[in-house]
There are 2 protein chains.
Amino acid sequence: MTKFETHENSENPEPVMTALQADDGLDFPLVELFFFAYRDFVADADEVLGEYGFGRAHHRVLHFVNRQPGMVVAELLEILKITKQSLGPVLRQLVDSGHLVQVAGPEDRRQRLLYPTQKGRNLSIKLTHMQTRRIKRAIEALKNKDRESIKEFLFAMIEPEERDLVEGLMEK
Amino acid sequence: MTKFETHENSENPEPVMTALQADDGLDFPLVELFFFAYRDFVADADEVLGEYGFGRAHHRVLHFVNRQPGMVVAELLEILKITKQSLGPVLRQLVDSGHLVQVAGPEDRRQRLLYPTQKGRNLSIKLTHMQTRRIKRAIEALKNKDRESIKEFLFAMIEPEERDLVEGLMEK
DNA sequence: AAATATATGTCAACCCTCCTTACCTAAATT
DNA sequence: AATTTAGGTAAGGAGGGTTGACATATATTT
């Protein structure tokens, strides 16, 4: 390594002056657009949730319980990939605020089946509706208005091993 | 309101038994796919960042400084929409670890111009490359392989008032 | 030259959401 | 009767944010 090869020297503390440019291996437009698109996708819901003192954790719980009423706590933990200690406070707040109810399992009374109340159902619909509206408008802005391609793309972005699980959640 | 109209009563604490279904106003497939797609999009980078004891805050700072070397602290704060108190520790860690350097502004010596080192450049390339690979494969999986439609879609998902700012960041 | 404004840094205190470890109860299973 | 399982809860910590207050160096204005 000579002083003429410093561009490859990771120990060199000198500033790199050139901007990082797009090339074959670096698709900045799509990487950055995906980041900003998601930021705004969740921003709508965040605002409404804030009015209830809720965060994204509440949103996810509310969503999946509405999608699969009667879900048990263990199933929810698996979908969300969090621990029951993390879920605890979130679940309690949603129950205390009257958005969810817990019902002892009819077969196995150790289980706590999770259901939305009408209030929880209404909030979930409101949140999903806002997100749907943004997506709908984005697709209508496309030249070809091809919703299927967007679906294919998003599905293909998911880790292959996770795709079956996601399909299982969605096909209900 | 009679007891036969409880389905519209938000005060009713009874569980709602039916699953929330897709309809005109609720596009569950796309809402859920977008959530899972983003989760896995960031997971790749999270793993590498973890090896350095870094989080997503470090990733964002590293990314934008590499995209616009010589950026001043105030510009970075505006892009990230965080406070300088939040940025402080993140910036210090990136400087201490040799990924970024700060240079006094040539005109205005109060300013601290932010530059990546070669080490910081290499890490930024590595992270962007992983995310690009996932996107590239997802587009190749499309029937029509139409990258432009995906770009249009993601751009249209961004809040209209933010689009100029995002375009400004990207066109460099 | 003095006063003020600006760019940045730092300290303290706080919130949220997630984590791990550990322990508890109730109910089901062996 | 002993063990396992479903769920709850408490303690402590990390990460990434927040606000308020104050310090320093440098530029700008008066």
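These legends accompany several close-up views of a predicted model with two protein chains and two DNA strands.

Because the model is predicted, local features need pLDDT of at least 70 and side-chain atom pairs count only at pLDDT 80 or more, while totals for chains, interfaces and linings use all residues. Residues are numbered from 1 along each chain as its sequence is written, and chains are lettered from A and ligands numbered from 1 in the order in which they are written.

**View 1. Chain A and chain B are related by a two-fold axis.**
A turn of 180° and a shift of 0.0 Å along the axis lay chain A on chain B with an RMSD of 0.1 Å; that is the relation of a two-fold axis. The superposition is by least squares on the C-alpha atoms of residues with pLDDT of at least 70 in both copies.

**View 2. Chain A meets chain B through the same surface on each copy.**
Here 74 residues of chain A are in contact with 74 residues of chain B (contact: C-beta atoms, placed from the backbone, within 7 Å). On the chain A side, H1, H2 (56–67), S2, S3, H5, H6 and H7 (163–170) each supply at least two residues. Helices (H or I, at least four residues) and strands (E, at least two) are DSSP runs, numbered from the N terminus. H5(A) brings the largest share, 16 residues. By class, this side has 38 nonpolar, 19 polar and 17 charged residues; Ala, Val, Leu, Ile, Met, Phe, Trp, Tyr, Cys and Pro count as nonpolar, Asp, Glu, Lys and Arg as charged, and the others, Gly among them, as polar. As 100% of the interface residues of chain A are also interface residues in chain B, the copies meet through the same surface.

**View 3. The largest nonpolar core draws on both chains.**
Of its 35 residues, Phe34(A), Ala37(A), Phe34(B) and Ala37(B) touch the most other members. Helices H1 (28–51), H5 (118–140) and H6 (147–157) of chain A and of chain B each give two or more residues to this core, and H1(B) provides the largest share, nine residues. A nonpolar core is a set of buried Ala, Val, Leu, Ile, Met, Phe, Trp, Tyr and Cys residues joined through C-beta atoms within 7 Å; buried means that 20 or more other C-beta atoms lie within 10 Å of a residue's own, with C-beta atoms placed from the backbone. Leaving aside neighbours within four places in sequence, Phe34(B) is in contact with Phe41(A) and Leu154(A).

**View 4. Three strands of chain A form an open antiparallel sheet.**
The order is S1-S3-S2. S1 (71–72) and S2 (100–104) stand at the edges, each with a single partner strand, so one side of each has no neighbour in the sheet. Strands pair if DSSP finds at least two bridges between them: S1(A) and S3(A) (residues 112–116) have two, and S2(A) and S3(A) have five. Leu113(A) is the bridge partner of Val72(A) and of Val103(A), while Met71(A) stands opposite Leu114(A).

**View 5. Residues of both chains surround DNA strand D.**
Of the 22 residues around this strand, Ala74(A), Gly55(B), Ala57(B), Gln85(B) and Ser86(B) come nearest (near: C-beta atom, placed from the backbone, within 6 Å). H3 (73–80) and H4 (84–96) of chain A, with H2 (56–67) and H4 (84–96) of chain B, give two or more residues; H4(A) gives the most, four.

**View 6. Residues of both chains also surround DNA strand C.**
Gly55(A), Ala57(A), Gln85(A), Ser86(A) and Ala74(B) come nearest among the 22 residues around this strand. The largest share of the surface, four residues, belongs to H4(B).

Terms used. Buried ≥ 20, exposed ≤ 12 C-beta atoms within 10 Å, placed from the backbone.
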